[in-house]
Amino acid sequence: MQKKYIKLLIVALASSFCILLIFSKVNYVEHSQKYLAKILSIPAATSRKPTTVVMSTIKTKSDMPYENRPLAISETLRKDIPQNGAFWNRKFHSLLRQFDSIDNHMHKDPHDKFHCQPENFESLQTNIQDIQSYPPLYGDFLRGMECRDPPLLIDQPDKCASESRPDQIFLLFAIKSISKNFERRQAVRETWGREGLYENGLQVRTVFLLGRSSADDPSLDKLVSFEAQQFQDLLVWDFHDSFYNLTLKEHVFFKWMLHNCTRVSFIFKGDDDVFANTRAILNHLQSLEPEQATVLYTGQVITDASPLRDPKIKYYVPHSFYDGPYPPYASGGGFLFSGNLLPSLYHVSFYIPFFPIDDVYNGMCFKALGITATKHDGFRTFDIREQDRENPCVHKDLLLVHQRDPQQTMRLWRSMHSSMLTC
């Protein structure tokens with residue numbers, strides 16, 4: 001009899017253990033689903049129906065994001081740049097041969113393959129016979145064409161962090177500026193570049209992109225350092241801030257973004273003397289279809305452009321430097337593009353030689369990715385009619401106008417957001 005009770009007790013304990021094990025497994029699966037949903041910020045699955053993930057990094061193979069795709073340089077750009085004796089053209093086709101000879105996957109940083117080797121004058125003179133006729137600033141640009149990694153003097157590594165959702169920034173304003181333009185930067189901070197949470201929970205952040213002042217200018221380093229500490233929105237690199245170095249500023253910005261703001265949805269690049277309509281920009285971005293949003297490159301598009309050969313203007317490009325057409329490009333005063341394109345833009349920029357005009361260079365980089373600039377009538381980088389420039393109702397549906405001084409920016413912003421405004 002005692003043995004019978006012992007057997008019954010053993011069976012009961014074994015059954016209880018099995019039930020407990022099954023319950024624990026079910027509970028573990030449910031808990032795991034909730035935990036995974038929490039870290040992905042999506043609802044926990046309650047059935048076997050597929051869950052739609054908005055703004056997620058989870059993609060199917062057929063919908064592979066740009067940052068995971070092997071890089072290719074479009075045949076269109078290859079054919080558009082003639083193979084001739086111009087210095088830039090020779091460099092470009094040489095880099096293409098290098099590109100085609102190696103394995104180009106987006107997870108491999110091309111930075112290690114390129115080293116800063118400043119061109120000396122003798123080398124330049126050998127390759128550009130009429131270099132003596134180039135403007136003086138061209139010499140600085142040409143000598144530094146291979147130097148792509150200047151030190152970052154002032155950083156903002158936490159710019160894209162958020163207490164609730166780290167790195168979930170919908171729009172980043174990246175504004176080209178120079179040290180002495182504090183008044184312009186402050187006008188941007190107090191108006192259209194104001195950081196914070198906008199309608200529908202959209203996070204907006206702002207950074208200003210600077211290099212060093214010229215040796216001929218009074219040093220503003222201490223003031224810039226104080227401003228950076230006060231507002232935490234300045235990025236300063238150790239290179240001379242000049243018109244011909246704007247392309248370098250573009251490249252180092254791409255690199256900074258990949259290290260600090262990897263999940264920004266959209267980026268606005270522009271000058272510090274534009275007036276942007278933040279609400280109109282956000283409304284436009286929210287209206288985009290998913291297929292438009294992933295390859296966005298839009299602004300006031302310049303088409304059928306070619307190099308200007310007058311040495312008296314700042315956009316001068318000598319025949320012996322570059323010979324060929326320009327791709328369609330969005331004017332550098334202000335344009336928008338998709339954040340998920342950053343890895344591809346950064347990677348491809350190593351294989352397109354620096355060009356002295358930054359918005360043309362951007363057009364080349366986007367065209368290399370097979371992306372065409374799309375025109376948006378709300379971008380007026382060449383301004384609007386003079387009689388309309390102080391009219392807030394005219395600006396209500398525009399995304400950007402260029403140029404505005406700080407005082408005009410403040411007046412226009414106040415008028416556009418006045419409760420008394422009737423349009």
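Me: A disulfide is a pair of cysteine sulfur atoms within 2.5 Å. This is a predicted model, so let's start there. By this rule, what does the count of disulfides come to?
Reply: In general, a disulfide is a covalent bond between the sulfur atoms of two cysteines. Cys116 and Cys147 qualify, with their sulfur atoms 1.9 Å apart, and so do Cys160 and Cys261 at 1.8 Å. Cys393 and Cys423 make a pair too, at 2.0 Å. By this rule, the count comes to 3.

Me: Take Cys116 and Cys147. How many residues apart are they in the chain?
Reply: Their disulfide has 70° about the S-S bond and is right-handed. Cys116 sits in the loop between α3 and α4, while Cys147 sits in the loop between α5 and β1. That links distant parts of the chain, and the separation is 31 residues.

Me: Is Cys147 buried or exposed?
Reply: Buried means under 20% relative accessible area. Its partner Cys116 has 49%, so Cys116 is partly exposed. Cys147 has 17%, which makes Cys147 buried.

Me: Next pair: is the disulfide of Cys160 and Cys261 right-handed or left-handed?
Reply: A disulfide joins Cys160 to Cys261, with 1.8 Å from S to S. The torsion about their S-S bond is about 85°, so the disulfide is right-handed.

Me: And how far apart in sequence are the parts that Cys160 and Cys261 tie together?
Reply: Cys160 lies in the loop between β1 and β2, and Cys261 in the loop between α8 and β6. Both cysteines are buried, by the way. Since they sit in those two loops, the pair ties together parts whose separation in sequence is 101 residues.

Me: What about Cys393 and Cys423: is that disulfide right-handed or left-handed?
Reply: Cys393 is in helix α13 and Cys423 is in the segment after α14, 30 residues apart. The torsion about their S-S bond is about -85°. The sign is negative, so the disulfide is left-handed.

Me: Is Cys423 buried or exposed?
Reply: Exposed means over 50% relative accessible area, and partly exposed is the range between buried and exposed. Cys393 comes in at 27%, so Cys393 is partly exposed. Cys423 has 54%, so Cys423 is exposed.

Me: Which pattern do the disulfides of the protein chain follow?
Reply: Here you count the bonded cysteines along the chain. Cys116 pairs with Cys147, Cys160 with Cys261 and Cys393 with Cys423. That gives the pattern 1-2, 3-4, 5-6.

Me: Let's move on to strands. Why is β5 largely enclosed by the rest of the structure?
Reply: Strand β5 covers residues 234–240. A residue counts as buried under 20% relative accessible area. β5 is largely enclosed because the buried share of its 7 residues is 5.

Me: Strand β1 is joined to β5. In which sense do they run?
Reply: β1 covers residues 152–154, and 2 bridges join this strand to β5. Ile154 stands opposite Val236 in β5. The two strands run antiparallel.

Me: Which residue in β5 is the bridge partner of Arg212?
Reply: Strand β4, residues 202–212, pairs with β5 over 4 bridges in the parallel sense. The bridge partner of Arg212 in β5 is His240.

Me: Now the empty space. What is the volume of the largest cavity?
Reply: Rolling a probe the size of a water molecule over the atoms shows where empty space is left. A search of the whole structure finds 2 cavities of 30 Å³ or more. The second largest has a volume of about 30 Å³, and the largest has about 40 Å³.

Me: Which element gives the largest share of the lining of the largest cavity?
Reply: The lining includes Arg184, Trp192, Asp272 and Thr409. Two elements give two or more residues to this lining, α6 and α14. The largest share, 3 residues, comes from α6.

Me: How many charged residues are in the lining of the second largest cavity?
Reply: Among the residues lining this cavity are Phe275, Asn277, His395 and Val401. The elements that give two or more residues are β7 and β12. By class, the lining has 6 nonpolar and 2 polar residues, and the number of charged ones is none.

Me: Last one: which element gives the most to the lining of the second largest pocket?
Reply: About 1000 Å³ of space lies in this pocket. Of the 42 lining residues, the closest to its centre are Phe243, Leu246, Asp271, Lys314 and Tyr315. At least two residues each come from α8, β9 and α12. With 4 residues, the element that gives the most is β9.

Note on methods:
Residues are numbered from 1 along each chain as its sequence is written. This is a predicted model: local features need pLDDT of at least 70, side-chain atom pairs count only at pLDDT 80 or more; totals for chains, interfaces and linings use all residues. Side-chain values use heavy atoms; hydrogens and water are left out. On a 1 Å grid over the protein atoms alone, a cavity is a set of points where a 1.4 Å probe fits but cannot get out, and a pocket is an open set with protein on both sides within 12 Å along at least five of seven lines; lining residues have an atom within 4 Å of a point. Grid points are joined across faces, edges and corners, and a volume is the space filled by probe spheres set on the points. Ala, Val, Leu, Ile, Met, Phe, Trp, Tyr, Cys and Pro count as nonpolar, Asp, Glu, Lys and Arg as charged, and the others, Gly among them, as polar. Buried means under 20% relative accessible area, exposed over 50%, partly exposed in between (1.4 Å probe, protein chains only). Two strands pair if DSSP finds at least two bridges between them.
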